[in-house]
Amino acid sequence: MAKYVCTVCGYVYDEETGDPDNGIAAGTPWENVPEDYLCPLCGVGKEEFQAE
């Protein structure tokens, strides 16, 4: 499972744990995260994340 880092604030989306507080179940691959997903810390869009 991969991790994706917000290039603005450093938040890490971990595919293994997902983001359950924002409706993304554990085990959800990054490509299956909705395109309108926003960083839970700084609010930027999915396009601001890069693979770790």
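In this predicted model, the count of disulfides comes to zero. A disulfide requires a pair of cysteine sulfur atoms within 2.5 Å. The cysteine sulfur closest to that of Cys-9 belongs to Cys-39 and lies 3.6 Å away, which is too far for a bond. For Cys-42, the closest cysteine sulfur is that of Cys-6, and the separation of 3.7 Å is likewise too far for a bond. With relative accessible areas of 35% for Cys-9 and 34% for Cys-42, each of these residues is classed as partly exposed.

Cys-6 also features in the strand pairing, where Cys-6 stands opposite Phe-49 in strand 3. Strand 1 and strand 3 are paired in the antiparallel sense over three bridges. The open sheet comprises three strands in the order 2-1-3, and the pairing is antiparallel. Strand 2 and strand 3 occupy the edges; each has a single partner strand, so one side of each remains without a neighbour in the sheet. On average, and with direction ignored, neighbouring strands of this sheet are turned by 30° against each other.

Aromatic contacts were examined next. The structure holds seven aromatic pairs. In one of them, the ring centres of Tyr-11 and Phe-49 are 6.4 Å apart and the ring planes stand at 85°, so the arrangement is edge-to-face. Tyr-11 is located in the loop between strand 1 (3-6) and strand 2 (12-14), whereas Phe-49 belongs to strand 3 (residues 49-51); the pair therefore ties together parts that are 38 residues apart in sequence. Both partners are buried, Tyr-11 at 16% relative accessibility and Phe-49 at 7%.

The pair formed by Tyr-13 and Tyr-37 is also edge-to-face, because the ring centres are 6.2 Å apart and the planes stand at 70°. Tyr-13 lies in strand 2 and Tyr-37 in the loop between strand 2 and strand 3, so this contact ties together parts that are 24 residues apart in sequence. Tyr-13 and Tyr-37 are both buried.

Ring pairs join the residues of these two contacts, Tyr-11, Phe-49, Tyr-13 and Tyr-37, with Tyr-4 and Trp-30 in a cluster. Trp-30 has a further partner in Lys-46, which lies over the face of the Trp-30 ring at 5.1 Å from the ring centre. Phe-49 thus appears in two settings, as a member of the aromatic cluster and as the residue of strand 3 that stands opposite Cys-6.

Notes:
Residues numbered from 1 in each chain as written. Predicted model: local features only at pLDDT ≥ 70, side-chain atom pairs only at ≥ 80, totals over all residues. Heavy atoms only, no water. Phe/Tyr/Trp six-rings, centres within 6.5 Å; stacked < 30°, edge-to-face > 60°. Helix = DSSP H or I, 4+ residues; strand = E, 2+ residues; numbered from the N terminus. Buried < 20%, exposed > 50% of the residue type's maximum accessible area, 1.4 Å probe, protein only. Lys NZ or Arg CZ within 6 Å of the ring centre and 35° of its normal. Pairing = 2+ DSSP bridges. Axes fitted to C-alpha atoms, helices over the stretch in contact; angles between N-to-C directions.
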